[in-house]
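Me: Can you go through this model with me? I'd like to work through packing, sheets and voids.

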Amino acid sequence: MLEIQHISKSFGGVKATDDVSLTCPDGSLTAVIGPNGAGKSTFFNQISGALRPDSGKILLDGVDMVGLKPGEIVRHGIGRAFQVASIFPSLTVEETLLAAVAADLKRSGEILKRFPLPETRDRARHAMIMLGLEDKRHRRASTLSHGDQKLLDIALALVLEPKVLLLDEPTAGMGPEERWRMIEKVYELWSREKITLVFIEHDMDIVFKIAPRIVVLCYGRVLATGTPDEIRRNPKVIEAYLGTDHAEDAA
């Protein structure tokens with residue numbers, strides 16, 4: 001279980017996150033929404049270790065992650081895919097994932113081997129199958145479509161077998177059809193793997209469609225937490241983020 005307890009982070013006089021608390025039970029799916037500047041990326045950066053909170057705790061199965069390096073946090077079981085895909089353009093899809101597994105197993109020498117060990121191959125293949133990339137295994141990452149590059153970035157996080165997966169705007173930069181294909185893959189991944197999944201998303205149609213629970217951040221604080229119906233009808237959320245027209249359309 002992922003437990004965020006009263007984390008705060010300030011930059012100068014600006015509080016990017018302010019006493020944020022959130023509990024994500026094992027196997028849960030949670031969307032984090034909010035206007036630009038609400039603190040969503042800072043929130044994720046603190047969980048993944050890119051930023052250290054000024055105060056508060058981040059517990060994974062009771063172990064505090066605060067103060068650990070990002071690599072240590074990954075080894076404890078928190079993975080992250082980024083808004084801008086972080087891939088190796090010159091490597092193929094399969095080579096990218098094999099390299100990630102080899103590094104995770106502390107077998108970096110395998111990266112240059114023609115025939116990696118079965119465990120390495122199996123983990124890479126499982127990630128490719130889950131994200132629909134197996135038929136593109138020999139394609140260089142740089143030649144993939146924007147959507148497939150994002151899927152590869154998610155596969156890079158998945159191949160490390162995380163307990164918790166953070167997805168930072170998985171549909172960013174995509175057209176309507178590509179967005180829905182992406183989110184269907186994300187939902188399938190969550191359904192099959194029973195992984196704890198937390199994602200940031202601006203497309204409210206997607207959020208209301210697939211997220212059983214939604215957290216709304218505003219000015220660094222948790223404005224509301226609830227089901228899609230509770231969020232779309234919350235007067236504070238309508239005023240701060242959704243707007244009257246969108247709330248009426250959603251209803």
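Me: Which residues does Ile214 touch, leaving out those up to four places away in sequence?
Reply: This is a predicted model. In it, Ile214 touches Ala31, Ile33, Val207, Phe208, Ala224, Thr225, Gly226, Pro228 and Ile231.

Me: What is Ile214's place in the largest nonpolar core?
Reply: That core has 48 residues, and Ile214 is among the members that touch the most others, along with Leu97, Ile154 and Phe199. Helix α5, residues 146–158, gives the most to the core, with seven residues.

Me: What else is there in the way of cores?
Reply: Another core lies apart from that one. It has 22 residues, including Ile7, Ile58, Met65 and Leu217.

Me: Any general reason to expect such clusters?
Reply: In soluble globular proteins, nonpolar side chains tend to be buried together.

Me: Sheets next. What is the strand order in the six-stranded one?
Reply: The order is β6-β7-β8-β3-β9-β10, in an open sheet with mixed pairing. β6 and β10 (221–226) are the edge strands, each paired on one side only. Ignoring direction, neighbouring strands are turned by 20° against each other on average.

Me: Are β6 and β7 parallel or antiparallel?
Reply: Parallel, with four bridges between β6 and β7. One residue to look at there is Ile78, whose bridge partner in β7 is Val164.

Me: And what lies across that sheet's strands?
Reply: Helix α1 lies across β3 (29–33), β6, β7, β8 (196–200) and β9 (213–218). The helix runs at about 150° to β7.

Me: How is the four-stranded sheet arranged?
Reply: It is open, in the order β2-β1-β4-β5, and the pairing is antiparallel. The edges are β2 (14–24) and β5 (63–64), each of which pairs on one side only. Helix α1, residues 40–48, packs on this sheet as well, touching β1 (2–11), β2 and β4. The direction of α1 makes about 120° with that of β1.

Me: How many bridges join β1 to β4?
Reply: Five, with the two strands antiparallel. Gln5 stands opposite Lys57 in β4.

Me: And how many join β4 to β5?
Reply: Two, again with the strands running antiparallel; β4 covers residues 55–60. Leu60 stands opposite Val63 in β5.

Me: What does the turn there look like?
Reply: β4 and β5 form a hairpin with two residues between them. Asp61, in the turn, has a positive phi of about 50°.

Me: Switching to voids. How much space is in the largest pocket?
Reply: About 490 Å³. The lining has 21 residues, and those closest to the pocket centre are Val74, Arg80, Phe82, Leu156 and Leu160.

Me: Which elements supply at least two residues of that lining?
Reply: α2 (70–76), β6 (78–81), α3 (93–104) and α5. Of the elements, α2 gives the most, with five residues.

Me: How many cavities of 30 Å³ or more are there in the whole structure?
Reply: The search finds one. The largest cavity has a volume of about 40 Å³.

Me: What lines the largest cavity?
Reply: Its lining is Ala81, Phe82, Lys150, Asp153, Ile154, Leu167, Asp168, Pro170 and Met182. Two elements, α5 and β7 (164–168), give two or more residues each. α5 gives the most, with three.

Me: So Phe82 turns up in both linings?
Reply: Phe82 is one of the residues closest to the centre of the largest pocket, and Phe82 also lines the largest cavity. Ile154 is another cavity-lining residue, and Ile154 is also among the members with the most contacts in the largest core.

Me: Last one. Where is Gly132?
Reply: Gly132 sits in the loop between α4 (118–130) and α5.

Me: Why is Gly132 classed as partly exposed?
Reply: Because its relative accessible area is 31%, and partly exposed covers the range between the buried cut-off of under 20% and the exposed one of over 50%.

Me: How far apart are Gly132 and Ala155 in space?
Reply: They are 9.7 Å apart, C-alpha to C-alpha, and 23 residues apart in sequence.

Terms used
Residues are numbered from 1 along each chain as its sequence is written. This is a predicted model: local features need pLDDT of at least 70, side-chain atom pairs count only at pLDDT 80 or more; totals for chains, interfaces and linings use all residues. Side-chain values use heavy atoms; hydrogens and water are left out. A nonpolar core is a set of buried Ala, Val, Leu, Ile, Met, Phe, Trp, Tyr and Cys residues joined through side-chain atoms within 4.5 Å. Buried means under 20% relative accessible area, exposed over 50%, partly exposed in between (1.4 Å probe, protein chains only). Contact means heavy atoms within 4.5 Å. Two strands pair if DSSP finds at least two bridges between them. Axes are lines fitted to C-alpha atoms, for helices over the stretch in contact, and angles run from 0 to 180 degrees between N-to-C directions. On a 1 Å grid over the protein atoms alone, a cavity is a set of points where a 1.4 Å probe fits but cannot get out, and a pocket is an open set with protein on both sides within 12 Å along at least five of seven lines; lining residues have an atom within 4 Å of a point. Grid points are joined across faces, edges and corners, and a volume is the space filled by probe spheres set on the points.
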